[in-house]
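Student: Could you show me how to read a protein structure, feature by feature?
Tutor: Happily! Let's open it and start with a charge and a ring.

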Amino acid sequence: PTRGRFSPFLFSGISFSTGGYSAEYGEALSSVLLLNTIDEITEEKTDISFMTVGLGLANSQKWKNNSISFNAAYIDLAPYQLIVPQNVDWNRAYQSLSGEPVYRHNFKEGLLKVYAAFDASRFDINQESINTIEKTRVDLNNNNFYLNASYKVNLMHKWQFSTGLSYGYGKNKIGLDLDKVNNTEHASHLKVKARKSFSDRMKLTFGADYFNTQFDESFNTDSKSQYDANIAAGYTELDIFFSKNFAGKAGLRVAHNDLLNVTAVSPRASIAYKISKASQFSLAYGEFEQAPRQDYLKYNTNFINEKASHYILNYQYNSNKRTFRSEIYFKDYTNLVKYDTAGAFYNSNYSNDGYGYAKGLDIFWRDGKTIKNLEYWISYSYIDTQRDYKNYESKVTPSFVANHNLSVVTKYWINEWKSQIGFAHSFNSGRPYDNPNEEAFMNGKTKVYNNLSFNWAYLLSPQKILYF
């Protein structure tokens with residue numbers, strides 16, 4: 001967690017959905033990351049961390065119907081890199097100062113949460129390049145601030161209402177040798193949501209979102225680019241339990257982007273069938289759209305939304321500290337952004353002529369029962385994907401994709417040692433890249449990647465942990 005923008009200890013759950021998600025979530029082409037903050041702290045406590053890479057401090061207080069938590073961290077990799085030399089030419093190693101406060105108030109039937117986070121970071125590095133003899137100096141300073149407030153209340157007649165408002169600010173000062181790039185982004189999001197339970201078998205959810213993004217960037221003070229985008233969206237979703245073992249969900253999301261002057265209509269549906277107390281199958285379909293990335297919108301706004309269609313079959317088993325999940329999927333991508341230059345530049349010719357597909361299999365197994373004091377996870381994913389987008393010459397596998405990925409994570413408690421030991425092994429089969437010395441496009445392949453990590457946590461006392 002030492003390099004994360006948000007502290008994991010502030011969340012009750014973090015889940016990554018790779019497709020077929022609810023109509024509640026928009027502006028996401030392939031996946032969503034759901035982070036649910038803790039509704040109520042269970043105890044007052046103070047945490048102090050001393051690390052080879054920095055310091056950390058956290059505190060939680062609770063009184064009557066109120067609670068407040070905060071944490072702060074200072075990270076500096078320079079002392080660590082003096083002890084463990086790096087094969088990187090740093091002028092200034094990574095350094096950051098960050099903090100987060102959270103306030104909660106419980107009403108009789110509702111809950112108010114206010115969350116804020118700030119982060120200031122910097123580094124200065126001399127980056128090697130195969131295109132130049134001299135290294136390129138990259139000097140980055142980043143300031144980030146995030147605030148959100150949410151309120152949830154249970155009303156009469158089985159109504160539930162929630163609303164939230166968030167604001168994000170990001171500022172980058174980037175030095176590339178003698179060139180200077182400065183950019184600033186302001187982003188805000190207003191959300192309302194209501195749910196009505198008609199019975200144990202039927203629930204209706206509906207709501208609305210409003211997003212505003214303002215971005216501006218300057219290059220050497222003589223070139224500027226900017227945009228101001230507003231997206232208004234509404235959605236509705238119906239959950240029906242046809243029987244104890246069979247359920248369905250159908251939803252529709254409609255969104256309008258005023259910058260692109262496009263309206264997106266996205267239907268979504270899923271069904272689930274329980275074959276036993278502990279296991280079920282589910283099938284999901286959905287249409288998903290999002291505006292092109294900031295890298296393109298700052299130069300050109302003559303776009304339409306990028307699109308994806310998802311088809312997903314999932315099986316899940318969960319019982320007695322054992323979980324098994326498997327999923328096969330197919331995603332069809334259209335209207336992807338293409339351009340005709342080495343990078344996305346102000347003078348590039350842009351279009352929405354890109355397309356592609358992704359299909360694959362994900363498997364996950366977690367077991368905390370078979371061997372006493374041992375818990376382990378195994379996850380494997382296979383993906384076959386090709387895209388013709390960006391400045392690609394043809395439809396090929398993108399450079400961020402490895403066909404095979406495997407990870408094994410374990411933790412074992414040794415009572416006599418008052419210790420928890422663990423290891424994690426990560427593997428992928430290598431990623432494609434374009435070798436300019438070969439005629440075929442994207443014909444190179446990086447070496448197979450393996451990473452083995454070992455960790456040991458020793459309980460000095462009920463209040464002190466030593467971690468390696």
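Tutor: Keep in mind that this is a predicted model. Lysine 331 lies over the face of tyrosine 329, 5.5 Å from the ring centre.

Student: Which ring does the charged end of arginine 387 sit over?

Tutor: That one is the ring of tyrosine 389, with 5.5 Å to its centre.

Student: How do I read two rings together?

Tutor: Two values describe a pair of aromatic rings: the distance of the centres and the angle of the planes. Searching the whole structure gives 20 aromatic pairs. One of them joins tyrosine 21 and phenylalanine 288, with 4.6 Å from centre to centre and 50° between the planes, so the pair counts as tilted rather than stacked (under 30 degrees) or edge-to-face (over 60).

Student: Why does the pair of tyrosine 21 and phenylalanine 288 tie together parts that are far along the sequence from one another?

Tutor: Tyrosine 21 belongs to the loop between β1 and β2, while phenylalanine 288 belongs to strand β15, so the pair links parts 267 residues apart in sequence.

Student: Are tyrosine 21 and phenylalanine 288 buried or exposed?

Tutor: Both of these residues are buried. You can also look for rings in a group: Tyr296, Phe303, Tyr339 and Tyr350 form a cluster linked by ring pairs.

Student: You mentioned β15. Which strands does β15 pair with?

Tutor: Strand β14 (residues 262-274) runs antiparallel to β15 (residues 279-290), and seven bridges join the two. A hairpin of four residues leads from β14 to β15. To see one bridge, find serine 270, whose partner in β15 is alanine 284. β15 also pairs with β16 (residues 306-319), again in the antiparallel sense, over 12 bridges. There, phenylalanine 281 stands opposite tyrosine 315 in β16.

Student: What should I look for in a nonpolar core?

Tutor: In soluble globular proteins, nonpolar side chains tend to be buried together. Here the largest nonpolar core has 15 residues, and Tyr333 and Tyr392 touch the most other members. Strands β16 and β17 each supply at least two residues of this core. The largest share, three residues, comes from β17.

Student: Which residues is tyrosine 392 in contact with, leaving aside neighbours within four places in sequence?

Tutor: The list is Lys338, Arg387, Pro398, Ser399, Phe441 and Met442. Apart from this core lies another, of 12 residues, including Tyr227, Leu260, Ala291 and Tyr339. You may recognise Tyr339 from the ring cluster.

Technical notes:
Residues are numbered from 1 along each chain as its sequence is written. This is a predicted model: local features need pLDDT of at least 70, side-chain atom pairs count only at pLDDT 80 or more; totals for chains, interfaces and linings use all residues. Side-chain values use heavy atoms; hydrogens and water are left out. Two strands pair if DSSP finds at least two bridges between them. A nonpolar core is a set of buried Ala, Val, Leu, Ile, Met, Phe, Trp, Tyr and Cys residues joined through side-chain atoms within 4.5 Å. Buried means under 20% relative accessible area, exposed over 50%, partly exposed in between (1.4 Å probe, protein chains only). Contact means heavy atoms within 4.5 Å. Rings of Phe, Tyr and Trp (its six-membered ring) pair if their centres lie within 6.5 Å; planes under 30 degrees apart count as stacked, over 60 as edge-to-face and the rest as tilted. A charge sits over a ring if NZ of Lys or CZ of Arg is within 6 Å of the ring centre and within 35 degrees of the ring normal.
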